[in-house]
Structure formats: structure tokens, C-alpha cells
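Reader: I have a new structure in front of me and would like to learn how to read it. Could you walk me through a few features, one at a time?

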Amino acid sequence: MVTQKDIDRINELARKSKTEGLTEEEKTEQATLRRLYIDSFKESLEGQLSSITVVEKDGSRHKLEKKQ
């Protein structure tokens with residue numbers, strides 16, 4: 001899970017990269033934090049989608065299935 005502190009750090013590094021540039025260590029940290037954020041976002045979205053039930057015109061219901 002991504003905390004507000006992680007999001008603040010992502011934004012801080014993004015601002016710094018636009019003005020001063022980042023060191024290699026900061027670039028690595030930024031990439032790691034971004035990946036963590038993206039993975040957390042995907043997990044949250046999958047959770048929301050898994051709770052959706054589709055109602056067909058004939059009244060039948062089924063859950064959304066994840067496509068491979």
C-alpha cells in the first residue's frame with residue numbers, strides 16, 4: 001500500500017527532476033516508488049472490478065472475469 005508520505009516523495013522527486021535534475025540514487029528511488037504506486041493502483045482497481053456484477057437483458061447475472 002502506498003502512503004501519503006510515498007506520494008509526497010514521488011511529487012518531490014518529480015519537481016526536483018524538472019528543476020535541478022536527479023542523482024542516480026534518486027532516479028532509482030523514483031522508479032521504485034512509481035512502480036509501488038502503479039502496482040497499488042492496479043490492485044485497487046482489480047478489487048473494484050471484481051465486485052461488479054453484470055446484468056444481462058434476460059435478467060441473468062454474472063461477475064466480470066479477468067481476461068488472460
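Author: Gladly. Keep in mind that this is a predicted model. Let us begin with a charged pair: Arg9 and Glu12 form a salt bridge, and their closest N and O atoms are 2.7 Å apart.

Reader: What is the general idea behind such a pair?

Author: Side chains of opposite charge can pair when their charged atoms come close. In this case, the bridge between Arg9 and Glu12 has its closest N and O atoms at 2.7 Å, and the cut-off for a salt bridge is within 4 Å.

Reader: How are Arg9 and Glu12 placed along helix α1?

Author: They are three residues apart in helix α1, so about one helical turn separates them. As for cover, Arg9 counts as partly exposed because its relative accessibility is 22%. Glu12 is partly exposed as well, with a relative accessible area of 42%.

Reader: How many salt bridges are there by this rule?

Author: The count is five. Another one joins the side chains of Glu26 and Lys16, at 2.6 Å from N to O. This pair links distant parts of the chain, since Glu26 belongs to helix α2 (residues 24-50) and Lys16 to helix α1, 10 residues apart.

Reader: Is Glu26 buried or exposed?

Author: Glu26 is buried, because its relative accessible area is 14% and buried means under 20%. Its partner Lys16 has a relative accessible area of 25%, so Lys16 is partly exposed.

Reader: Which residue does Lys27 meet in a salt bridge?

Author: Lys27 meets Glu24, with 3.6 Å from N to O. Here too about one helical turn lies between the partners, because Lys27 and Glu24 are three residues apart in helix α2. Lys27 is partly exposed at 41% relative accessibility, while Glu24 is exposed, with a relative accessible area of 58%. Salt bridges can also share partners: in this way Arg9, Glu12 and Glu29 are joined into one network.

Reader: Let me turn to a residue that is under cover. Where is Gln30, and what does Gln30 touch?

Author: Gln30 sits in helix α2. Its relative accessibility is 9%, so it counts as buried. Leaving aside residues up to four places away in sequence, Gln30 touches Leu13, Ala14, Ser17 and Leu22.

Reader: How should I think about residues that are apart in sequence?

Author: Compare the separation along the sequence with the distance in space. Take Asp39, which lies in helix α2: Asp39 and Val2 are 37 residues apart in sequence, and their C-alpha atoms are 9.3 Å apart in space. Asp39 itself is partly exposed, with a relative accessible area of 37%. For the chain, look at contacts between residues at least 6 apart in sequence: 25% of these join residues at least 24 apart.

Reader: Which residues form the nonpolar patch on the surface?

Author: The patch is formed by Tyr37, Ile38, Phe41, Leu45, Leu49, Ile52 and Leu64, which together have about 590 Å² of accessible area. Leu64 is found in the segment after β2 (61-63), and it counts as partly exposed because its relative accessibility is 40%. For the chain, the exposed area is about 6000 Å², with carbon and sulfur atoms supplying 52% of it.

Reader: Now let us step back. What pattern does the chain follow?

Author: Along the sequence the pattern is α-α-β-β, made of two helices and two strands.

Reader: What can I say about overall shape?

Author: Set the radius of gyration against that of a compact globule. A compact globule of 68 residues would have a value near 11 Å, but this chain has 19 Å. The C-alpha trace spans about 60 × 25 × 20 Å along its principal axes. Of the 68 residues, 13% count as buried.

Reader: Where is confidence lowest, and where is it highest?

Author: Confidence is lowest in β2, with a mean of 91, and highest in helix α1 (residues 4-19), at 96. Across the chain, pLDDT averages 94, and 100% of the residues score at least 70.

Methods. Residues numbered from 1 in each chain as written. Predicted model: local features only at pLDDT ≥ 70, side-chain atom pairs only at ≥ 80, totals over all residues. Heavy atoms only, no water. Patch = residues over 30% accessible without salt bridge, like charges linked within 9 Å, V, L, I, M, F, W, Y side chains within 5 Å. Areas by Shrake-Rupley, 256 points an atom, 1.4 Å probe, with all protein chains shown as cover. Helix = DSSP H or I, 4+ residues; strand = E, 2+ residues; numbered from the N terminus. Buried < 20%, exposed > 50% of the residue type's maximum accessible area, 1.4 Å probe, protein only. Rg over C-alpha atoms; globule rule 2.2 N^0.38 Å. Contact = heavy atoms within 4.5 Å. pLDDT = per-residue confidence, 0-100.
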